[in-house]
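Me: I have this model open and would like to go through it with you. Take it slowly, please.

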Amino acid sequence: CPDFSGRVICVLIGKLKNKIWRRRMKIIMLGAPGAGKGTQAKKIAAQYSIPHISTGDIFRANIKNNTELGQKAKTYMDKGELVPDSLVVDLIMDRFKEADCANGYVLDGFPRTIPQAEALDNALKANGEKVDFAINVEVPDENIINRMSGRRACVGCGATYHIKYNPTKVEGVCDACGEKLILRDDDKPETVKNRLSVYHEQTQPLIDYYNKAGVLAEVDGTKDMEDVFKDIVNILGK
Ligand code: AMP
């Protein structure tokens, strides 16, 4: 932009584009359990000022509070199985009604089946909207089992770490709230194997689904956490 008035116009256009663009930030994170999509989703949420919505976190909060939903979900989660679509879809639709979703959201762990993806599409279509980006964080199965056994979750706030790739400042203690860290039941090797086979059977078809919808982007999840995030920002735009 050469002169002062030109620069002013550029700034105004930039702000306008930003406004329109921000309204369209509906992002889905795809990838096997343990691929690092939760970590990346949190970083995306902070960078673009949109909420990070994790269905797994919502279920875990319900289990902690011993709600009816939590008790139902736990029986499936402990075995590494998916919670039935009927329980998940209503839960997420209610979450979208909250004010913080006005500019979009990054979904982590939803959708996980084709019927869930269709329910999401139909709900968005009713408002003239659609999913803007589906980001697939690719990590081979052999890396996943290795990674999950090193994952630790905080009993207090649910924050997740990795003993090697994302360690806490003090071993076994959550950086965010100071509570102790544990290996979650659903991160134990036998459960992880089942979660991976459930993923390949029920969730992987979503890659093709979003590819056909023209919104799929893939990133190499074996890279360093910060490098994966840089690749994601290149896809989403600065
Ligand atoms: P996550 O923390 O996303 O790996 O989710 C942990 C567990 O919660 C999964 O293994 C499922 O049992 C359950 N879960 C989370 N999201 C969904 C979903 N969209 N559909 C069905 N089950 C889910």
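Reply: Two strands pair if DSSP finds at least two bridges between them, with helices (H or I, at least four residues) and strands (E, at least two) being DSSP runs numbered from the N terminus. The model is predicted, with local features needing pLDDT of at least 70 and side-chain atom pairs 80 or more, while totals for chains, interfaces and linings use all residues. Residues are numbered from 1 along each chain, and side-chain values use heavy atoms, without hydrogens or water.

Me: OK, how many bridges join β2 to β3?

Reply: Three bridges join strand β2 (residues 52–54) to β3, and the two run parallel; S54 has D108 as its bridge partner in β3.

Me: And β1, how many bridges to β3 there?

Reply: Strand β1 (residues 25–30) is joined to β3 by five bridges, also in a parallel arrangement, and within that pairing I27 has V106 of β3 as its bridge partner.

Me: Is β3 buried or exposed, then?

Reply: Five of the five residues of β3 (residues 104–108) are buried (under 20% relative accessible area, 1.4 Å probe, protein chains only), so the strand is largely enclosed by the rest of the structure. Both faces are covered, since G104, V106 and D108 on one side are buried, as are Y105 and L107 on the other.

Me: Back to I27, which residues does it touch?

Reply: Leaving out residues up to four places away in sequence, I27 touches (heavy atoms within 4.5 Å) I44, I50, Y105, V106, L107, F133, I135 and L236.

Me: Which residues touch the most other members of the largest nonpolar core?

Reply: I27 is one of them, along with I44, L120 and Y210, in a core of 53 residues (buried Ala, Val, Leu, Ile, Met, Phe, Trp, Tyr and Cys joined through side-chain atoms within 4.5 Å). Helix α5 (residues 85–96) gives the most to this core, contributing six residues. There is also a second, separate core of five residues, and its members include C154, A159, Y161 and L181.

Me: New topic: where is C154 found?

Reply: C154 lies in strand β5 (residues 151–154), and because its relative accessibility is 5%, C154 counts as buried.

Me: What is C154 in contact with?

Reply: Apart from neighbours within four places in sequence, C154 is in contact with A159, C174, C177, E179, K180 and L181. As for D175, which is 21 residues from C154 along the chain, the two C-alpha atoms are separated by 9.2 Å.

Conventions:
Buried < 20%, exposed > 50% of the residue type's maximum accessible area, 1.4 Å probe, protein only.
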